[in-house]
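Student: I should like to learn how to read the architecture of a protein model, step by step. Could we take one feature at a time and begin with local backbone geometry?

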Amino acid sequence: MAIKAAPRVRSDAVPLRTFRSAGRPVAIAGLGIHAPEKVLTNQDLERMVETSDQWIRERTGIRRRHIAEPGTTTFSLATEAAREALAASTVRPEELDMILVATSTPDGPFPSVACRVQGELGVPGACAMDLLAACTGFVYALSAAEAYVSSGRADTVLVIGAEVLSRLVDWKDRGTSVIFADGAAAAVLRPAQRGAGFVAWCLGSDGRGYDQITCGNPTLGGYASGESAPRIAMKGPDVFKFATDIFIRQAFAVAEEAGIDIDDIDLFVPHQANSRIIEAAARRVGLPMERVMVNIDEYGNTSTATIGLALHDALRQGRLKSGDRVLIAGFGSGLTWGACLLEWE
Amino acid sequence: MAELDFKELQELAAEILGVEPEQVQMNVSFQRDLAADSLDLVELIAAVEDKYDVELPEEQLEQMKNVGDLWQFLEAREAERTRA
């Protein structure tokens, strides 16, 4: 099979760091999700902000999104997803060695969402912590979990991505209010029972791009600037460019590190930021959309929860089978990015 | 080096902007005539950079209103390369 050539890299592009998994193979043993019941459709948004169903669909691919009711906590969404993932992987909560929650919207500065989940599950002892890498958080958390399990420091790790982004949305900004939404997804990582599990990774950040996706004063942040209600802001075209580039470069970098061709990838599960970013990246990578998982139409951009929501839907729809080579890739505020290739168990 | 073929640029732009290649003419505006939004333009630029092995500086992008502007830029780059 012909090796697809990677698109040219701009001379100012950041070098990508890749590495192979080492130690004992680690796999995703089970997935769980939770989305708030309340649904906000594009038609609902038409009544709130200057926009239209057609405009939203054409530019983002989103039809509806789930929004948490007032009083709903991030940890409650996370706990629901966690319970489902534990049940799916037939792991008892007491077996957990570590709980990692990727979130940009914790319920407060502390305690961590991870500790609140642990309290809800009633399993003291495991190490619990939150991790912030914006929308890339889930991939970062997967990589941390995988490192602990592959090295033998842990046998069973619960990874969760959970967000209540709707509280940070500027409902007057038609560029961002139609995109962001609430939800949670969880994965249980354990030593692989068969197959290779996680194979190769690409993780990186570029703090020079700190002002591209922000919440609150871009330079000072929300706290130092004294803002009582910081709101999400995004430089749309710049982010679009960064996102498509980094999706493409990560896909080739991870495939190369794993020693496979792009054509060998059975399913590409990208962070669901915007269907146009996904389609533009898939086109340039040379992956047909039949091998790309898109479910942003139902959930919108739930930041750290999108990849888990997409994996879960892919599994439910029969698009994810044992032995499949899966490419996961994300990007987010920071700027941050992360991707991995795994053999589905 | 072979000369640039305008037809190829027409086909590339048509594919990305979702229009017919014949609509992509020198005097046509990306935004006004071909209804390209900011994301379309970003995607088109990336595709052009890939295909022609060039880098389009941000400041020059802003000035490229018409298909002809982009074409002239590509021709100028090609001429530089031929001389080099």
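**Reading the model, from backbone to interface**

Tutor: S303(A) lies in the loop between α9 (296-299) and α10 of chain A. The model is a predicted one, and phi of S303(A) is near 55°, a positive value in a residue other than glycine.

Student: Which peptide bond precedes P111(A), and where is P111(A) placed?

Tutor: The bond from F110(A) to P111(A) is cis, with omega near 0°. P111(A) belongs to the loop between β5 and α4 of chain A. A further cis peptide bond runs from G334(A) to L335(A), again with omega near 0°. L335(A) is found in the loop between β13 and β14 of chain A.

Student: Let us turn to domains. What are the bounds of the domains in chain A?

Tutor: The domain assignment places domain 1 of chain A at 26-191 and domain 2 at 197-343. Their C-alpha centres are 15 Å apart. In the contact, 45 residues of domain 1 of chain A meet 45 residues of domain 2 of chain A.

Student: Which elements of domain 1 of chain A supply at least two residues each to the side that touches domain 2 of chain A?

Tutor: In chain A they are β2 (26-34), α2 (53-60), β4 (64-66), α5 (137-150), β7 (157-164) and β8 (182-191). The largest share, 7 residues, comes from α5(A). By class, this side of domain 1 of chain A holds 25 nonpolar, 12 polar and 8 charged residues.

Student: How should I read a sheet, and what is the strand order in the one that contains β2 of chain A?

Tutor: A general point on strands comes first. In a regular strand the side chains alternate between the two faces of the sheet. Here, an open sheet of 5 strands in chain A has the order β2-β8-β7-β5-β6, and its pairing is mixed. The edges are occupied by β2 and β6 of chain A; each has a single partner strand, so one side of each is left without a neighbour in the sheet. On average, neighbouring strands of this sheet are turned by 20° against each other, direction ignored.

Student: Which helices pack on this sheet?

Tutor: Helix α3 (residues 74-88) of chain A lies across β2, β5, β7 and β8 of chain A and runs at about 130° to β2(A). Helix α4(A) also packs on the sheet, where it touches β5, β6 and β7 of chain A; its direction makes about 130° with that of β5(A).

Student: Do β5 and β6 of chain A pair in the parallel or the antiparallel sense?

Tutor: Strand β5 (residues 98-102) and strand β6 (residues 127-131) of chain A pair in the parallel sense over 5 bridges. Two positions serve as examples: V101(A) has D130(A) in β6(A) as its bridge partner, and A102(A) stands opposite L131(A) in β6(A). Together with helix α4 (residues 113-121) of chain A, β5(A) and β6(A) make a right-handed β-α-β unit.

Student: What is the strand order in the sheet that contains β14 of chain A?

Tutor: This open sheet of 5 strands in chain A follows the order β1-β9-β14-β13-β12, with mixed pairing. At its edges stand β1 (18-20) and β12 (267-270) of chain A, each with a single partner strand, so one side of each is left without a neighbour in the sheet. The twist averages 15° from one strand to the next. Within it, strand β9 (residues 198-205) and strand β14 (residues 336-343) of chain A pair in the antiparallel sense over 7 bridges. In that pair, G204(A) stands opposite W337(A) in β14(A). Helix α10 (residues 306-316) of chain A packs on the sheet and touches β12 and β13 (325-332) of chain A, its direction making about 150° with that of β12(A).

Student: Finally, how is a pair of packed helices read, and at what angle do α7(A) and α2(B) pack?

Tutor: Two packed helices are described by the angle between their axes and the distance between the axes. Helix α7 (residues 236-258) of chain A and helix α2 (residues 38-52) of chain B pack at an angle of about 35°, with axes 9 Å apart. Their crossing is right-handed. From α7(A), the residues G236(A), P237(A), F240(A), K241(A) and T244(A) meet S38(B), L39(B), V42(B) and A46(B) in α2(B). This helix contact comprises 5 nonpolar, 3 polar and 1 charged residues.

Definitions and conventions
Residues are numbered from 1 along each chain as its sequence is written. Chains are lettered from A and ligands numbered from 1 in the order in which they are written. This is a predicted model: local features need pLDDT of at least 70, side-chain atom pairs count only at pLDDT 80 or more; totals for chains, interfaces and linings use all residues. Two strands pair if DSSP finds at least two bridges between them. Helices (H or I, at least four residues) and strands (E, at least two) are DSSP runs, numbered from the N terminus. A crossover is right-handed if, with the strands pointing away from the viewer, the path from the first strand over the helix to the second runs clockwise. Axes are lines fitted to C-alpha atoms, for helices over the stretch in contact, and angles run from 0 to 180 degrees between N-to-C directions. Two residues are in contact if their C-beta atoms, placed from the backbone, lie within 7 Å. A crossing is left-handed if the near helix is turned anticlockwise from the far one by less than a right angle, and right-handed if clockwise. Ala, Val, Leu, Ile, Met, Phe, Trp, Tyr, Cys and Pro count as nonpolar, Asp, Glu, Lys and Arg as charged, and the others, Gly among them, as polar. Domain bounds come from an automatic or database domain assignment.
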